[in-house]
Amino acid sequence: MTQRKEDPAVTNFREYLRIPSVHPDVNYDDCVTFLKKQSDSLGLPYKIYYAVPKKPIFVITWAGKDPSLPAVLLNSHMDVVPVFPESWTHPPFAAEKDENGNIFARGSQDMKCVGIQYIEAVRRLKLKNVQLLRTLHLVFNPDEEIGGVDGMSKFVHMKEFRDLNVGFALDEGMASKADHFILFPGERSIWQIHVHCPGNPGHGSLLLSNTAGEKLRVVIDKFMDFRQNQKARLENDPNLTIGDVTTVNLTVIKGGVQTNVIPQEMVACFDVRLACDVDHDEFEKMVNGWCKEAGSDIKIEFEQKNPKIEVTKLDETNPWWIAFKKECDNMGLKLKREIFPGGTDGRYIRYVGIPAFGFSPMNNTPVLLHDHDEYLNESVFLRGIDIYYNLLSAVGNVAP
């Protein structure tokens, strides 16, 4: 029995997946070499920018009929999260394909698939001699998986980004286990809070007052009571998704030198994701009140404190939404709007006032980003190219 020939787009995708651009200490050289080859195969120019040395921002540009119009940015990231190979049934950077067409590799869903789907959709448009009204910029960023601090976070404030004249952006979304596709017009604000609780040190056999542990207990109780309240909201309202509530998780506790020594300080670290409707000033005031209740001299340090960023509008005032939604309707795609539960580079784009959607065309697919045995089926991948072919035509031709 002869084996069916693989679609060249799938071969291209698997080649990209085999580049182990994995944290920590990512070397992006092989990604850059691969993307230069893609740019050449499309017959399109590229530029490489650096907000930080050794962390390239690779931009392929397809000029539109009217380059003076605000352009469309197609954003993706090159890096992937760490793996535990012993927990995978396939080598995580081999891009092996099983008999069902499932392609196993770190980055298959998050998000090398989308980067290649952009490329292949543009390739098809060019092969059909299509030229869009607006310019498209295909952007491949570093370090998104560790917060984008040395990538898009800095890039949006550089002159080189402003020169791209971006009017609208597409970035990553998530797979959907159901038949619908998920559209993310916004994200929660990430606050990573370190609460420092100082206290009287001494021998572990004593019952001293004003100890770090006593203060820490109160702080943890306050945060976790709030967490329970939010968890109950989510469980009791079927219309809510995880992105609609504020999540709180105790992630690190630090302090102490020896079991029989009462420490002079203990620190609790919380990962907080503020829902889009939360007043940031009021939330911070509440946290400060908890710390005041817990005792004296407690200090708060922010590892990360995202500002409140407006959610991109999904109404008649947004021409990008009108074009996007109309084309989805034409294709018979069912969309479900959600707030993205994690953090993507899209938040930095929205921060500088550019409307952005998070969207990955993967439905009827288990959500496996950051998980063992991450995979994407080749038929889902190929259909995603078809979807982007139509969506890029729609948003790339939005009238002035």
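In which helix is glutamine 38 found? I opened the predicted model with this question and located glutamine 38 in helix H2, which spans residues 29-42. I then looked up its accessibility: the relative value is 2%, and because buried means under 20% relative accessible area, glutamine 38 counts as buried. Setting aside residues up to four places away in sequence, I listed what glutamine 38 touches, and found Asn12, Ile119 and Arg123.

**Entry on the "active site" annotation**

I turned next to the UniProt record, an unreviewed entry, where the annotation "active site" covers Asp79 and Glu144. These residues are spread over 66 residues of sequence, yet they cluster in space, with a largest C-alpha distance of 6.8 Å. From this set, I noted Glu144 in the lining of the largest pocket.

I followed aspartate 79 further and placed it in the loop between strand S3 (71-77) and strand S4 (96-97). Aspartate 79 has a relative accessible area of 0% and is therefore buried. Not counting residues up to four places away in sequence, aspartate 79 touches Ser21, His23, Tyr28, Asn141, Pro142, Asp143, Glu144, Glu145 and Ile146, so that its annotated partner Glu144 is among the residues it touches.

**Entry on the "binding site" annotation**

For "binding site", the unreviewed UniProt entry lists His77, Asp110 and Glu172. I checked their spacing and found that, although they are spread over 96 residues of sequence, they cluster in space, the largest C-alpha distance being 8.9 Å. Of these residues, Asp110 and Glu172 are included in the lining of the second largest cavity.

I found aspartate 110 in the loop between strand S5 (102-104) and helix H3 (112-127), and I recorded it as buried because its relative accessibility is 4%. Leaving aside neighbours within four places in sequence, aspartate 110 is in contact with His77, Val80, Glu145, Glu172, Leu369, His370 and Glu374; I noted that His77 and Glu172, which the record lists with it for "binding site", are among these contacts.

**Entry on a helix pair**

How do helix H8 and helix H10 pack? I found H8 (residues 319-331) and H10 (residues 378-395) packed at an angle of about 145°, with their axes 9 Å apart, and H8 passing H10 in a right-handed crossing. On the H8 side the contact is made by Trp320, Ala323, Phe324, Glu327, Cys328 and Met331, and on the H10 side by Ile387, Asn390, Leu391, Ala394 and Val395. Sorted by class, this contact has nine nonpolar residues, one polar and one charged.

Methods. Residues numbered from 1 in each chain as written. Predicted model: local features only at pLDDT ≥ 70, side-chain atom pairs only at ≥ 80, totals over all residues. Heavy atoms only, no water. Axes fitted to C-alpha atoms, helices over the stretch in contact; angles between N-to-C directions. Helix = DSSP H or I, 4+ residues; strand = E, 2+ residues; numbered from the N terminus. Left-handed = near helix turned anticlockwise from the far one by under 90°. Contact = heavy atoms within 4.5 Å. Nonpolar A, V, L, I, M, F, W, Y, C, P; charged D, E, K, R; others polar. UniProt positions renumbered as here; feature names shortened; annotations may be inferred. 1 Å grid on protein atoms, 1.4 Å probe; cavity = no way out; pocket = protein on both sides within 12 Å on 5 of 7 lines; lining within 4 Å. Buried < 20%, exposed > 50% of the residue type's maximum accessible area, 1.4 Å probe, protein only.
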